[in-house]
Amino acid sequence: MDCREIAPYVEPYGDGELGPAERAAVEAHLTGCRACQERVARYGQFRHLLRRQPREAAPPELRARVTRSIRRSAGWHALRRWAVAPLAAAMLIALVTWAGVHGVGPWSTSRPSSLIADLVSKHATYAQIEAPVEFASANSSEVRDWFRRRLGVRVTVPDYAPAGIRLLGGRIADTDGHKTAYLLYEKGHTLMSVFMVTGERLTPAGTASMTYRGFAYHTADVAAQHGVFWAENQKVFAVISSLDYESLLECADRLRMDRGEDQRL
Ligand SMILES: [Zn+2]
């Protein structure tokens with residue numbers, strides 16, 4: 001078994017689903033190949049996300065205040081089952097005064113760029129509308145085919161299901177005139193948005209930078225949401241959710257790896 005042949009076995013191996021003969025063949029290759037050992041280790045860390053729960057998005061008093069304000073605005077019945085109430089409140093209160101950046105890196109008082117603000121606001125908005133996705137499917141390749149038909153470009157649609165993060169579907173959005181592929185996922189009742197904006201530039205104002213698995217990302221906390229942003233090949237990518245940063249970075253890393261594989265095909 002060589003590095004190419006081992007590829008389809010990495011995930012079943014990590015899931016403990018291989019029979020004894022296949023398992024032995026995989027392990028025989030692994031003992032001599034550091035690159036494949038790392039692939040297996042990466043998948044193990046990805047699976048590890050399964051065991052963690054999303055943290056609370058907002059303190060209880062804020063949540064209560066927002067819940068009341070949403071009820072008053074009569075939009076309550078229209079809310080999805082996701083944990084959007086704290087987000088909506090936080091958007092009302094914090095959109096004007098940016099929360100700055102914390103969690104990783106130094107505090108920053110500068111404002112995130114309009115692109116970052118726009119993507120976070122889309123994440124918040126779509127979470128609250130009745131039909132957040134235009135094309136609903138939990139199947140990555142169906143969603144990828146839908147984007148190819150609609151946008152004429154290849155959009156990588158990672159499968160985060162092994163980490164308990166379920167794909168809900170896709171939507172095509174517009175970000176300041178730039179076509180944007182939008183993927184929506186959920187973990188439990190917490191939403192996660194993934195954006196790919198074509199032809200945009202990422203300005204690091206108002207973000208912290210951090211390196212994860214050797215790649216530099218920008219991170220920003222806006223309105224109780226965490227965002228991980230990066231640029232590659234004239235595209236800007238964003239993963240936004242109230243999930244913890246480690247989960248978001250893991251999802252970002254996975255997306256980058258899957259994109260690399262899509263481009264080799
Ligand atoms: Zn190998």
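Start by selecting Glu232 and Lys235: Lys235, in β8, is the bridge partner of Glu232. The model on screen is a predicted one.

Widen the selection to strand β7, residues 225–232, together with β8. These two strands pair in the antiparallel sense over seven bridges. They make a hairpin, with two residues between them. Click on Asn233 in the turn; its phi is positive, about 50°.

Next, add strand β4, residues 190–198. β4 also pairs with β8 in the antiparallel sense, over seven bridges. To find one point of contact in this pairing, select Met192, which stands opposite Ser241 of β8.

Now show β8 alone, residues 235–241, and turn on its side chains. Seven of its seven residues are buried, so the strand is largely enclosed by the rest of the structure. Colour its two faces separately. On one side are Lys235, Phe237, Val239 and Ser241, and on the other Val236, Ala238 and Ile240; both faces are covered, and all of these residues are buried.

Leave the strands and centre the view on the zinc ion. Which residues coordinate the zinc ion? Select Cys3, His29, Cys33 and Cys36: the donor atoms are SG of each cysteine and NE2 of the histidine, at 2.1 to 2.3 Å. Along the chain, the donors follow the spacing C-x25-H-x3-C-x2-C.

Check the angles at the ion next. The four donor atoms subtend 102 to 115°, which makes the arrangement tetrahedral. For reference, the ideal angle for four tetrahedral donors is 109.5 degrees.

Finish on Cys33 and Cys36. Are these two cysteines buried or exposed? Both are buried.

Note on methods. Residues are numbered from 1 along each chain as its sequence is written. This is a predicted model: local features need pLDDT of at least 70, side-chain atom pairs count only at pLDDT 80 or more; totals for chains, interfaces and linings use all residues. Side-chain values use heavy atoms; hydrogens and water are left out. Donors are N, O and S atoms within 2.8 Å of the metal (3.2 Å for Na, K and Ca); water is not among the atoms, so sites may look incomplete. Four donors count as tetrahedral if all angles lie between 85 and 135 degrees; four count as square planar and six as octahedral if opposite donors are over 155 degrees apart and all others between 65 and 115; anything else is irregular. Buried means under 20% relative accessible area, exposed over 50%, partly exposed in between (1.4 Å probe, protein chains only). Helices (H or I, at least four residues) and strands (E, at least two) are DSSP runs, numbered from the N terminus. Two strands pair if DSSP finds at least two bridges between them.
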